[in-house]
Amino acid sequence: MQIKIDIAKPLAYIMNLMMQISVYPSRLKIAKIKLIFKGGDNNIIGNFRLISLLSWFNKIFETILNYRLTIFLNANNILTNCQFGFRKNSNTLLPLSELVNFMQNGIDNGYVDCAVFLDIAKAFDTLNHNILLNKLKNIGLPDNIVVLFHSYLSNRSQYIKDNNICSHTHSTSIQGVYKYIE
């Protein structure tokens with residue numbers, strides 16, 4: 001129990017400092033990619049799930065940042081009630097229930113209903129980070145937090161480790177150059 005207290009103060013200091021100066025350290029932006037075999041021919045890379053592993057420090061910082069962002073979004077009533085994913089007291093049954101009710105009302109009122117469902121693979125990988133950062137700025141997040149998100153997302157690198165064999169570290173890149181202050 002004492003070690004938690006001994007570690008908490010310096011961690012809180014470091015994490016608060018990172019938020020104040022809007023810098024996410026480069027050494028924390030190195031992901032280890034682990035290959036998880038899903039089945040089939042193990043010579044086909046598509047038969048592996050790639051899991052990106054970050055340090056415990058990253059997980060703690062992301063949890064704190066997520067908590068603070070959620071407070072901001074809720075306090076400013078930014079999220080619509082139709083946002084079900086990644087929200088407290090929400091689950092996958094709620095949107096399904098709303099869809100059934102919506103469609104039943106349509107049928108009762110003489111409309112023909114249709115639904116289209118999309119499963120976007122690797123959705124976050126296809127997200128344009130510049131658009132995300134601009135949206136964060138437009139909803140009123142302080143500039144230093146938007147800059148921190150930019151720092152977090154940019155200049156990342158990764159390597160693959162499988163069966164005690166490591167690849168070289170390779171850079172990943174943010175799409176384009178973000179101008180956070182207009």
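This text follows the aromatic, charged and cysteine side chains through a predicted model.

The aromatic contacts come first. Across the whole structure, a search identifies four aromatic pairs. One of these joins Y24 and Y152: the ring centres lie 4.8 Å apart and the planes meet at 85°, so the arrangement is edge-to-face, since planes over 60 degrees apart fall in that class. The two partners come from distant parts of the chain, being 128 residues apart. Y24 belongs to the loop between α1 (2-21) and β1 (30-37), whereas Y152 is part of helix α6, which covers residues 143-153. Both tyrosines can be placed by their accessibility. Y24 has a relative accessible area of 1% and is therefore buried; Y152, at 17%, also counts as buried, because the limit for that class is under 20%.

A second contact involves phenylalanines. F37 and F48 form a tilted aromatic pair, with 5.1 Å from centre to centre and 50° between the planes. F37 lies in strand β1 and F48 in strand β2 (residues 48-53), so this pair ties together parts of the chain that are eleven residues apart in sequence. The accessibility of the two rings falls into separate classes: F37 is partly exposed, with a relative accessible area of 41%, while F48 is buried at 17%.

The Y24 and Y152 rings also belong to a wider grouping, for together with F61 they form one aromatic cluster. Y152 has a charged neighbour as well. The charged end of R156 sits over the ring of Y152, at 4.5 Å from the ring centre. Y152 thus takes part in the edge-to-face pair with Y24, in the cluster that includes F61, and in the contact with R156.

Attention now turns to pairs of charged side chains. Side chains of opposite charge can pair when their charged atoms come close. In this model, a search of the whole structure finds one salt bridge. The side chains of K137 and D143 meet in a salt bridge, with a distance of 2.8 Å from N to O. D143 has a relative accessible area of 32% and is therefore partly exposed, as this value lies between the buried limit of 20% and the exposed limit of 50%.

The cysteines complete the account. The structure holds zero disulfides. C114 is exposed, with a relative accessible area of 69%, and C166 is partly exposed at 47%.

Note on methods
Residues are numbered from 1 along each chain as its sequence is written. This is a predicted model: local features need pLDDT of at least 70, side-chain atom pairs count only at pLDDT 80 or more; totals for chains, interfaces and linings use all residues. Side-chain values use heavy atoms; hydrogens and water are left out. Rings of Phe, Tyr and Trp (its six-membered ring) pair if their centres lie within 6.5 Å; planes under 30 degrees apart count as stacked, over 60 as edge-to-face and the rest as tilted. Helices (H or I, at least four residues) and strands (E, at least two) are DSSP runs, numbered from the N terminus. Buried means under 20% relative accessible area, exposed over 50%, partly exposed in between (1.4 Å probe, protein chains only). A charge sits over a ring if NZ of Lys or CZ of Arg is within 6 Å of the ring centre and within 35 degrees of the ring normal. A salt bridge is a side-chain nitrogen of Lys or Arg within 4 Å of a carboxyl oxygen of Asp or Glu. A disulfide is a pair of cysteine sulfur atoms within 2.5 Å.
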